[in-house]
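The following exercises are to be worked with the sequence and the three-dimensional model at hand. Each task is followed by a solution in steps.

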Amino acid sequence: MPSSQNPKSAPPDPALFDLLILGSGIAGLAAARCAQNDGKSVLVIDKGRRLGGRVATRRKDGFIFNHGAQFVTAKGAAFTSLLASAKAAGSLQDWLISPDKIVQIGAPTMRDLPQFMANGLEIRQQTEITAIAHQGSDIGFFDKDGLIARGRQAMITAPAAQTAKLLAGIYPDLAATASLASYEPCWTIMLGLNQSLDNGQMPIRDEAAGIALGVPEMARTKPETPSRHPVNPALTIQASGAWSQQHLQHDPQDVIERLCAIWQNISGKPLGAIVDATAHRWLYAKVSTAAPDDAPRHSDDGKLAIAGDWLGGARVEQAFDSGQQAYHRLV
(Lines give C-alpha, C1' and ligand atoms only; values in the text may rest on other atoms or scores of the structure.)
Protein backbone atom coordinates (compact mmCIF):
# COMPACT_ATOMS: atom_id res chain seq x y z
CA MET A 1 0.00 0.00 0.00
CA PRO A 2 1.54 3.35 -0.99
CA SER A 3 2.55 5.75 1.73
CA SER A 4 0.23 8.67 2.31
CA GLN A 5 3.22 10.92 3.05
CA ASN A 6 4.53 13.17 0.29
CA PRO A 7 8.22 12.85 -0.51
CA LYS A 8 10.38 15.66 0.78
CA SER A 9 10.62 18.43 -1.74
CA ALA A 10 14.00 19.89 -2.66
CA PRO A 11 14.87 23.07 -0.78
CA PRO A 12 14.04 26.18 -2.77
CA ASP A 13 16.84 28.13 -4.36
CA PRO A 14 18.04 30.99 -2.15
CA ALA A 15 16.62 34.36 -3.05
CA LEU A 16 18.31 36.24 -5.87
CA PHE A 17 19.33 39.84 -5.19
CA ASP A 18 20.67 42.50 -7.50
CA LEU A 19 23.59 42.97 -5.12
CA LEU A 20 25.04 40.86 -2.32
CA ILE A 21 27.36 42.63 0.11
CA LEU A 22 29.62 40.87 2.57
CA GLY A 23 30.26 43.06 5.60
CA SER A 24 28.07 45.54 7.45
CA GLY A 25 30.85 48.01 8.26
CA ILE A 26 30.87 51.53 6.90
CA ALA A 27 32.04 50.48 3.42
CA GLY A 28 29.34 47.85 3.07
CA LEU A 29 26.62 50.14 4.36
CA ALA A 30 27.73 52.97 2.06
CA ALA A 31 27.49 50.67 -0.97
CA ALA A 32 24.14 49.27 0.16
CA ARG A 33 22.66 52.76 0.49
CA CYS A 34 23.75 53.52 -3.07
CA ALA A 35 22.07 50.36 -4.33
CA GLN A 36 18.94 51.07 -2.31
CA ASN A 37 18.75 54.61 -3.70
CA ASP A 38 18.98 53.16 -7.21
CA GLY A 39 16.01 50.89 -6.52
CA LYS A 40 18.04 47.68 -6.47
CA SER A 41 17.41 44.71 -4.23
CA VAL A 42 20.35 44.35 -1.88
CA LEU A 43 21.25 41.99 0.95
CA VAL A 44 24.05 42.71 3.43
CA ILE A 45 25.52 39.68 5.23
CA ASP A 46 27.81 39.89 8.25
CA LYS A 47 29.22 37.33 10.67
CA GLY A 48 29.03 39.68 13.67
CA ARG A 49 26.19 40.23 16.10
CA ARG A 50 26.12 43.98 15.45
CA LEU A 51 26.59 46.11 12.39
CA GLY A 52 29.15 48.87 12.00
CA GLY A 53 32.40 46.94 11.97
CA ARG A 54 34.98 48.92 13.89
CA VAL A 55 32.57 51.80 14.46
CA ALA A 56 31.52 49.89 17.54
CA THR A 57 29.95 50.27 20.95
CA ARG A 58 29.64 47.76 23.75
CA ARG A 59 27.13 47.87 26.60
CA LYS A 60 27.77 45.87 29.74
CA ASP A 61 26.13 45.97 33.17
CA GLY A 62 25.11 49.62 32.91
CA PHE A 63 28.39 50.74 31.32
CA ILE A 64 28.81 51.98 27.76
CA PHE A 65 32.14 51.74 25.93
CA ASN A 66 32.82 53.18 22.48
CA HIS A 67 35.63 50.72 21.90
CA GLY A 68 36.16 51.05 18.16
CA ALA A 69 36.47 54.24 16.13
CA GLN A 70 36.32 57.11 18.60
CA PHE A 71 35.03 59.81 16.25
CA VAL A 72 34.57 60.74 12.60
CA THR A 73 35.55 63.73 10.47
CA ALA A 74 34.67 64.61 6.89
CA LYS A 75 36.64 66.19 4.05
CA GLY A 76 34.64 65.20 0.97
CA ALA A 77 31.17 66.32 -0.05
CA ALA A 78 29.51 62.88 0.09
CA PHE A 79 30.57 62.01 3.62
CA THR A 80 29.91 65.59 4.79
CA SER A 81 26.35 65.23 3.48
CA LEU A 82 25.87 61.90 5.25
CA LEU A 83 27.11 63.30 8.56
CA ALA A 84 24.83 66.32 8.20
CA SER A 85 21.84 64.02 7.66
CA ALA A 86 22.81 61.86 10.64
CA LYS A 87 23.19 64.96 12.80
CA ALA A 88 19.80 66.29 11.72
CA ALA A 89 18.28 62.92 12.68
CA GLY A 90 19.85 63.08 16.14
CA SER A 91 22.32 60.25 15.46
CA LEU A 92 25.42 62.43 15.51
CA GLN A 93 26.73 65.37 17.53
CA ASP A 94 29.76 67.63 17.84
CA TRP A 95 32.55 66.81 20.29
CA LEU A 96 35.35 69.15 21.35
CA ILE A 97 38.08 66.53 21.41
CA SER A 98 40.83 69.09 22.06
CA PRO A 99 40.83 72.84 22.73
CA ASP A 100 41.09 73.59 19.00
CA LYS A 101 39.43 70.61 17.32
CA ILE A 102 35.77 69.65 16.91
CA VAL A 103 34.91 66.18 15.62
CA GLN A 104 31.67 64.22 15.19
CA ILE A 105 30.55 61.37 17.45
CA GLY A 106 27.51 59.13 17.51
CA ALA A 107 24.57 60.19 19.65
CA PRO A 108 24.39 58.70 22.14
CA THR A 109 26.98 56.12 20.98
CA MET A 110 29.27 55.60 18.00
CA ARG A 111 27.13 52.66 16.91
CA ASP A 112 24.30 55.10 16.18
CA LEU A 113 26.05 56.27 13.00
CA PRO A 114 26.07 52.86 11.27
CA GLN A 115 22.56 52.23 12.59
CA PHE A 116 21.45 55.43 10.89
CA MET A 117 23.12 54.29 7.66
CA ALA A 118 21.43 50.89 7.90
CA ASN A 119 17.90 52.28 8.04
CA GLY A 120 15.68 50.39 5.60
CA LEU A 121 18.38 47.93 4.51
CA GLU A 122 18.01 44.15 4.63
CA ILE A 123 20.87 42.90 6.80
CA ARG A 124 21.52 39.33 7.92
CA GLN A 125 23.77 39.16 11.00
CA GLN A 126 25.61 36.24 12.62
CA THR A 127 26.10 34.54 9.25
CA GLU A 128 29.66 33.60 8.38
CA ILE A 129 30.39 33.21 4.69
CA THR A 130 32.93 30.45 4.10
CA ALA A 131 33.01 30.37 0.30
CA ILE A 132 32.06 32.41 -2.75
CA ALA A 133 31.47 30.81 -6.15
CA HIS A 134 29.77 31.34 -9.48
CA GLN A 135 26.21 30.05 -9.75
CA GLY A 136 25.57 30.16 -13.48
CA SER A 137 25.66 33.86 -14.31
CA ASP A 138 25.24 34.81 -10.65
CA ILE A 139 27.48 34.93 -7.57
CA GLY A 140 26.71 32.58 -4.68
CA PHE A 141 27.50 33.08 -1.01
CA PHE A 142 27.95 29.88 1.02
CA ASP A 143 28.05 29.23 4.74
CA LYS A 144 29.10 25.95 6.36
CA ASP A 145 25.76 24.37 5.37
CA GLY A 146 25.74 25.41 1.75
CA LEU A 147 24.40 28.10 -0.57
CA ILE A 148 22.47 30.80 1.30
CA ALA A 149 22.15 33.70 -1.15
CA ARG A 150 22.66 34.58 -4.81
CA GLY A 151 23.44 37.93 -6.36
CA ARG A 152 23.60 39.23 -9.89
CA GLN A 153 26.60 41.13 -8.56
CA ALA A 154 28.49 41.05 -5.28
CA MET A 155 30.80 43.12 -3.14
CA ILE A 156 33.28 42.03 -0.48
CA THR A 157 34.09 44.54 2.28
CA ALA A 158 35.73 42.22 4.81
CA PRO A 159 39.22 42.96 6.20
CA ALA A 160 41.99 42.39 3.66
CA ALA A 161 43.18 39.01 4.97
CA GLN A 162 39.65 37.58 4.95
CA THR A 163 38.95 39.04 1.51
CA ALA A 164 42.12 37.45 0.12
CA LYS A 165 41.14 34.06 1.48
CA LEU A 166 37.58 34.17 0.15
CA LEU A 167 38.52 35.35 -3.33
CA ALA A 168 41.67 33.28 -3.94
CA GLY A 169 39.80 30.63 -5.91
CA ILE A 170 37.26 32.74 -7.79
CA TYR A 171 39.05 36.06 -8.43
CA PRO A 172 42.77 35.63 -7.71
CA ASP A 173 43.64 39.11 -9.01
CA LEU A 174 41.38 40.70 -6.38
CA ALA A 175 42.79 38.37 -3.72
CA ALA A 176 46.24 39.61 -4.74
CA THR A 177 45.11 43.21 -4.24
CA ALA A 178 43.95 42.36 -0.73
CA SER A 179 47.27 40.69 0.07
CA LEU A 180 49.05 44.02 -0.47
CA ALA A 181 47.33 45.75 2.47
CA SER A 182 48.37 45.58 6.12
CA TYR A 183 47.07 46.74 9.48
CA GLU A 184 48.22 47.70 12.93
CA PRO A 185 46.50 45.86 15.80
CA CYS A 186 44.97 47.62 18.77
CA TRP A 187 44.49 46.42 22.32
CA THR A 188 41.50 48.24 23.83
CA ILE A 189 40.50 48.06 27.46
CA MET A 190 37.09 48.98 28.85
CA LEU A 191 36.91 49.96 32.49
CA GLY A 192 33.70 50.33 34.48
CA LEU A 193 34.46 52.67 37.36
CA ASN A 194 33.03 53.18 40.81
CA GLN A 195 33.29 56.96 40.59
CA SER A 196 33.40 59.55 37.85
CA LEU A 197 36.59 60.93 36.41
CA ASP A 198 36.83 64.64 35.76
CA ASN A 199 34.29 65.26 33.01
CA GLY A 200 36.17 68.32 31.82
CA GLN A 201 39.32 66.30 31.20
CA MET A 202 40.25 65.98 27.55
CA PRO A 203 41.11 62.57 26.10
CA ILE A 204 44.69 61.48 26.67
CA ARG A 205 46.99 60.66 23.78
CA ASP A 206 50.62 59.64 24.27
CA GLU A 207 51.85 57.31 21.54
CA ALA A 208 55.35 57.15 23.00
CA ALA A 209 53.96 55.87 26.29
CA GLY A 210 51.67 53.40 24.51
CA ILE A 211 48.26 55.10 24.47
CA ALA A 212 46.71 56.09 21.15
CA LEU A 213 43.63 57.51 22.85
CA GLY A 214 42.13 57.23 26.32
CA VAL A 215 38.61 58.59 26.67
CA PRO A 216 36.48 58.99 29.80
CA GLU A 217 33.12 58.14 28.26
CA MET A 218 31.34 60.87 30.22
CA ALA A 219 33.57 63.43 28.48
CA ARG A 220 31.46 62.84 25.38
CA THR A 221 28.39 64.33 27.09
CA LYS A 222 28.06 68.09 27.43
CA PRO A 223 27.11 69.09 30.99
CA GLU A 224 24.31 71.30 29.68
CA THR A 225 22.89 68.50 27.52
CA PRO A 226 23.00 65.31 29.57
CA SER A 227 22.75 61.99 27.82
CA ARG A 228 19.32 60.64 26.99
CA HIS A 229 20.57 57.35 28.41
CA PRO A 230 22.36 57.97 31.74
CA VAL A 231 25.22 55.53 32.23
CA ASN A 232 27.75 54.65 34.85
CA PRO A 233 31.25 56.20 34.72
CA ALA A 234 33.50 54.38 32.28
CA LEU A 235 36.90 54.73 30.63
CA THR A 236 38.02 53.35 27.26
CA ILE A 237 41.75 53.15 26.58
CA GLN A 238 43.15 52.23 23.18
CA ALA A 239 46.81 51.28 22.97
CA SER A 240 49.05 52.48 20.17
CA GLY A 241 49.76 50.18 17.25
CA ALA A 242 53.37 49.70 18.28
CA TRP A 243 52.44 48.90 21.89
CA SER A 244 49.68 46.54 20.76
CA GLN A 245 52.02 44.70 18.41
CA GLN A 246 54.62 44.35 21.15
CA HIS A 247 52.03 42.89 23.54
CA LEU A 248 49.89 41.14 20.93
CA GLN A 249 50.00 37.70 22.56
CA HIS A 250 49.88 38.87 26.16
CA ASP A 251 47.18 37.75 28.55
CA PRO A 252 44.23 40.19 28.56
CA GLN A 253 44.53 40.73 32.32
CA ASP A 254 48.17 41.70 31.91
CA VAL A 255 47.19 44.15 29.16
CA ILE A 256 44.56 45.71 31.44
CA GLU A 257 47.00 46.17 34.29
CA ARG A 258 49.72 47.66 32.08
CA LEU A 259 47.43 50.15 30.34
CA CYS A 260 45.82 51.20 33.63
CA ALA A 261 49.29 51.95 35.01
CA ILE A 262 50.21 53.96 31.91
CA TRP A 263 46.98 55.96 32.10
CA GLN A 264 47.46 56.82 35.76
CA ASN A 265 51.08 57.80 35.17
CA ILE A 266 50.15 60.15 32.29
CA SER A 267 47.05 61.65 33.88
CA GLY A 268 48.49 61.91 37.36
CA LYS A 269 45.17 60.73 38.75
CA PRO A 270 44.18 57.40 40.28
CA LEU A 271 41.41 55.44 38.63
CA GLY A 272 39.83 54.48 41.92
CA ALA A 273 37.86 51.27 42.27
CA ILE A 274 37.39 49.40 38.99
CA VAL A 275 34.04 47.62 38.97
CA ASP A 276 34.52 45.81 35.67
CA ALA A 277 37.45 45.45 33.28
CA THR A 278 37.48 43.88 29.81
CA ALA A 279 40.11 43.79 27.07
CA HIS A 280 39.41 43.50 23.35
CA ARG A 281 42.10 42.85 20.75
CA TRP A 282 41.43 44.37 17.34
CA LEU A 283 43.70 42.52 14.91
CA TYR A 284 42.67 44.76 12.00
CA ALA A 285 42.37 48.08 13.77
CA LYS A 286 44.14 50.68 11.67
CA VAL A 287 45.33 50.47 8.09
CA SER A 288 49.10 50.91 7.99
CA THR A 289 49.60 50.11 4.29
CA ALA A 290 46.73 50.57 1.86
CA ALA A 291 46.57 48.61 -1.38
CA PRO A 292 48.05 50.67 -4.24
CA ASP A 293 45.68 52.70 -6.39
CA ASP A 294 46.58 50.79 -9.55
CA ALA A 295 45.78 47.36 -8.09
CA PRO A 296 42.55 45.74 -9.41
CA ARG A 297 39.42 46.59 -7.45
CA HIS A 298 36.75 44.84 -9.50
CA SER A 299 36.55 41.70 -11.60
CA ASP A 300 36.92 41.79 -15.36
CA ASP A 301 33.47 40.22 -15.77
CA GLY A 302 31.83 43.06 -13.82
CA LYS A 303 30.39 40.65 -11.26
CA LEU A 304 32.30 41.51 -8.10
CA ALA A 305 34.07 44.46 -6.47
CA ILE A 306 36.06 44.89 -3.29
CA ALA A 307 35.87 47.72 -0.78
CA GLY A 308 37.17 48.71 2.63
CA ASP A 309 39.41 51.21 4.35
CA TRP A 310 42.38 49.04 3.40
CA LEU A 311 41.93 50.30 -0.15
CA GLY A 312 42.22 53.94 0.88
CA GLY A 313 43.37 54.61 4.42
CA ALA A 314 42.55 54.42 8.10
CA ARG A 315 39.87 57.11 8.38
CA VAL A 316 36.17 56.18 8.55
CA GLU A 317 35.49 58.45 5.59
CA GLN A 318 37.93 56.43 3.49
CA ALA A 319 35.93 53.28 4.18
CA PHE A 320 32.75 55.14 3.19
CA ASP A 321 34.32 56.45 -0.03
CA SER A 322 35.61 52.99 -0.87
CA GLY A 323 32.13 51.49 -0.55
CA GLN A 324 30.58 54.11 -2.82
CA GLN A 325 33.38 53.80 -5.38
CA ALA A 326 33.07 50.01 -5.45
CA TYR A 327 29.34 50.25 -6.09
CA HIS A 328 29.82 52.64 -8.99
CA ARG A 329 32.42 50.29 -10.51
CA LEU A 330 29.68 47.67 -10.75
CA VAL A 331 27.03 49.95 -12.26
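Two strands are taken to pair if DSSP finds at least two bridges between them. Helices (H or I, at least four residues) and strands (E, at least two) are DSSP runs, numbered from the N terminus. The model is predicted, so local features need pLDDT of at least 70 and side-chain atom pairs count only at pLDDT 80 or more, while totals for chains, interfaces and linings use all residues. Residues are numbered from 1 along each chain as its sequence is written, and side-chain values use heavy atoms, with hydrogens and water left out.

**Exercise 1. The open sheet**

Task: Determine the bridge partner of Leu193 in S15, and establish the order of the strands in the open sheet.

Solution.
Step 1. Leu193 has Ile274 of S15 as its bridge partner. Strand S11 (residues 182-193) pairs with S15 in the antiparallel sense over 11 bridges.
Step 2. The open sheet is formed by five strands in the order S12-S13-S14-S11-S15, with antiparallel pairing.
Step 3. Strand S12 (204-206) and strand S15 (274-289) each have a single partner strand and stand at the edges, so one side of each lacks a neighbour in the sheet.
Step 4. On average, neighbouring strands of this sheet are turned by 15° against each other, direction ignored. Axes here are lines fitted to C-alpha atoms, for helices over the stretch in contact, and angles run from 0 to 180 degrees between N-to-C directions.
Step 5. Helix H7 (residues 252-267) packs on the sheet and touches S11, S12, strand S13 (211-216), strand S14 (234-239) and S15. The direction of H7 makes about 75° with that of S11. Contact means heavy atoms within 4.5 Å.

**Exercise 2. Strand S1 and its partners**

Task: Identify which strands are joined to S1 by bridges, and state the hand of the crossover that leaves S1.

Solution.
Step 1. S1 and S10 run parallel and are joined by six bridges; Phe17 stands opposite Gly151 in S10.
Step 2. S1 also runs parallel to strand S2 (residues 42-45), with four bridges between them. Leu19 stands opposite Val42 in S2.
Step 3. From S1 the chain passes through H1 to S2, a β-α-β crossover that is right-handed. The term applies if, with the strands pointing away from the viewer, the path from the first strand over the helix to the second runs clockwise.
Step 4. Five of the seven residues of S1 are buried, so S1 is largely enclosed by the rest of the structure. Buried means under 20% relative accessible area, exposed over 50%, and partly exposed in between (1.4 Å probe, protein chains only).

**Exercise 3. Helices H1 and H8**

Task: Compare the end-to-end distance of H1 with its expected span, then do likewise for H8, and list what covers their buried residues.

Solution.
Step 1. The expected span of a helix is 1.5 Å times one less than its number of residues. For the 12 residues of H1 this gives 16 Å, and its end C-alpha atoms are 16 Å apart, which agrees.
Step 2. For the 15 residues of helix H8 (residues 316-330) the expected span is 21 Å; its end C-alpha atoms are 22 Å apart, which agrees.
Step 3. Nine of the 12 residues of H1 are buried, so H1 is largely enclosed by the rest of the structure. The buried residues of H1 pack against S1, S2, H3, strand S7 (122-124), S10 and H8.
Step 4. Buried residues of H8 include Val316, Phe320, Tyr327 and Leu330. Their cover includes strand S1 (16-22), helix H1 (26-37), helix H2 (77-88) and strand S10 (146-156).
Step 5. Val331 lies in the segment after H8 and is exposed, with a relative accessible area of 61%.

**Exercise 4. Ser24 and the cysteines**

Task: Is Ser24 buried or exposed, and how many disulfides does the count give?

Solution.
Step 1. Ser24 is located in the loop between S1 and H1. At 0% relative accessibility, Ser24 counts as buried.
Step 2. Leaving aside residues up to four places away in sequence, the contacts of Ser24 include Leu29, Asp46, Arg50 and Gln125.
Step 3. A disulfide is a pair of cysteine sulfur atoms within 2.5 Å. By this rule the count is zero.
Step 4. The sulfur of Cys260 is 15 Å from the closest cysteine sulfur, in Cys186, too far for a bond.
Step 5. Cys186 is buried at 10% relative accessibility, and Cys260 is buried at 7%.
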